[in-house]
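Thank you all for coming; please have the sequence and the model open while I talk. I will go slowly, since some of you are new to this one.

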Amino acid sequence: MQKKRERGWLVLFAAGLLPLILGVFFTFIVAQRIEQRQLENTADMVLNHAENISDHAWDMIGQLEQYDPRACGTIGKDIQRIGSITAYFRAVGLIHNNQVLCSSAYGQYPGTLQGMTHRSLPSPHPDTWVQSLAGTAGAPQRPAVLFLRQQPSGYGAYALIDGQYLLDFMHALSLSRSYQITMQFNHGYRIESGHIDTDSNLFFNSNKYRVNSDRYPITISVTSPPSEAIKAWRQVFLTFLPMAAILSLLFVALASNWLKRRLSYRDEIRRGIANEEFTVNYQPVYNTTTASYAGAEALMRWQWPDGEWVRPDVFIAAAEAEGMIIPLTQHLLQLIAKDVSQWEVQPGFHLGINVAAEHLQHPCFVNDIRQFAAKVADKPLVIILELTERSLISEGKQVAEKLALLRREGIEIAIDDFGTGNCSLSYLQTFELDYLKIDRGFINAIESVDGETPVLDAIINLSHKLELQVLGEGVETPMQLEYLKNHGVVFIQGYLYARPMSSEALIHWLANEGTLPLTTVFHAN
Ligand code: G
Ligand code: G
Ligand code: MN
């Protein structure tokens, strides 16, 4: 039981902790998902923006293609106007092969495409071409995106999107979440916003998501720092925390309920009855006047499947406390009846049976005893019901009537452990009795054969006055025996005479030692 109780605390602790541990684990996964979803959303938005701007650029090129590139001188003003009033564009213009014919920013013959973009272009020129650039001749520090379409004749048009438009949009998105966003057209320069320290910690890494456009050669990648993952996780965990607390309490309540059931003797006793773990021992009682056995008291024993014996005072008190004493006693009566059927005893053999207060007060009591008496009716027994003083009999009058009824049917009544409870004297008045069993505490108080033991002497005198038979319990020494005999105590029970023994042992004992006078046994030793 002790071990069980210690394990109980562990179980409670684990039950309380479990929702928290699971919570940490699940919120971690949920936070990762949320984080991933946000990365995807951000990347999609940026991609959308890049695609829109690409659409604009190609529209612009379509518009420029309506002009005759050989007439740059006359259309120059138009091109300048288109290039400067349309949003997003740094410059637009017409080309012939590598040569820029006219540009909205620089007018006529401003130079070569290569000079403008600061990089070598593929040769021969593809028909349509897009690339992100680190800068252009006019603004070398500012990224741009070049869109270009050329006819087989070598004539064509270009449009330069100013990277600032892209960066502003990317900044707006990356700032709030400390993301790093990069945009790349056709493996060109990486237009980048935000910066990430890649100091990944133990559990949280930076997350990265890449997406490609299916309409244009655009690649967007978004990276979130570990700190974002932690922030997301903390947020989800805090939202989950109240629920985890409630779950914790619920688990602890369920676990403690389960433990209580497991720790209660109620189920154990029920199981013990079903598994026939209970047995009965019998402790012989000596009659000093006949110098032979007078009978025996039935004492219940319980051995658990693991071999451990449970102390009777422990499990009987538990059975009384948990409402199991009646079924247990009923079971005991069956066991005794079975044992008794094997015995051969002298007429008038006293069979002492302990009954609990609760059983006495229960309507089934008289019937239970009658049934038992009927089962052992073929043996010349006198059944003695021992009422313990440990628990108070509350419905005194009704119990007294029941006992009187049984008494008329030949059953005798004893008060057990007399003197230890606080109702001894009132019992004497309420019930019709046959025996007093003097508690071994008073027997222990005997100091010498010819001395005085005032309380014990008073109890013995009292029982004589009331014409009750007296039994001394727990007699362990010849001196105690001598004293009790001298004071007229007829019945003796205790280790000096015999210890409690199994039914089989009792059968042998009755046949071999039971009829020997106690002094003989004492002297023989
Ligand atoms: O011998 P022992 O350790 O068995 O007895 C311990 C206590 O348990 C004693 O006070 C005795 O009265 C009680 N006891 C033993 N058997 C029974 C029983 O069958 N029913 C009841 N009610 N008490 C018993
Ligand atoms: O209370 P009740 O008389 O029912 O209980 C009898 C109890 O006393 C049992 O536990 C039994 O084992 C114990 N017992 C019987 N004889 C002796 C004895 O001589 N000495 C001690 N210490 N216990 C005894
Ligand atoms: Mn007893």
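I will begin with the conventions, then take the two ligands, and finish with the enclosed space inside the protein.

This is a predicted model, in which local features need pLDDT of at least 70 and side-chain atom pairs count only at pLDDT 80 or more, while totals for chains, interfaces and linings use all residues. Residues are numbered from 1 along each chain as its sequence is written, chains are lettered from A and ligands numbered from 1 in the order in which they are written, and side-chain values use heavy atoms, with hydrogens and water left out.

Let us turn to ligand 1, which has 9 residues around it, with Met300, Arg301, Pro312, Ile316 and Leu332 coming nearest; a residue counts here if one of its heavy atoms lies within 4 Å. As for polar contacts, meaning pairs of N or O atoms within 3.5 Å, a polar side-chain atom of Arg301 is 2.6 Å from an oxygen atom of ligand 1, and a polar backbone atom of Met300 is 3.0 Å from one of the ligand's nitrogen atoms. Taken alone, ligand 1 exposes 490 Å², of which the protein buries 82%, with areas from the Shrake-Rupley method and a 1.4 Å probe.

Which residues come nearest to ligand 2? Of the 14 around it, they are Glu297, Asp417, Glu473, Glu476 and Tyr495. Oxygen atoms of ligand 2 also make polar contacts with side-chain N or O atoms, at 2.6 Å for Asp417, at 3.0 Å for Asp416 and at 3.3 Å for Asn354. On its own ligand 2 has 520 Å² of accessible area, and the protein covers 78% of that.

Finally, there is the matter of enclosed space, where a cavity is a set of points on a 1 Å grid over the protein atoms alone at which a 1.4 Å probe fits but cannot get out, and lining residues have an atom within 4 Å of a point. The structure holds 1 cavity of 30 Å³ or more, and the largest cavity has a volume of about 110 Å³, a volume being the space filled by probe spheres set on the points. Its lining consists of 15 residues, and those nearest the centre are Val285, His350, Ile384, Glu386 and Leu471.

Key:
On a 1 Å grid over the protein atoms alone, a cavity is a set of points where a 1.4 Å probe fits but cannot get out, and a pocket is an open set with protein on both sides within 12 Å along at least five of seven lines; lining residues have an atom within 4 Å of a point. A polar contact is a pair of N or O atoms within 3.5 Å; within protein, one must be able to donate a hydrogen and the other to accept it, and residues adjacent in sequence count only if both atoms are side-chain atoms.
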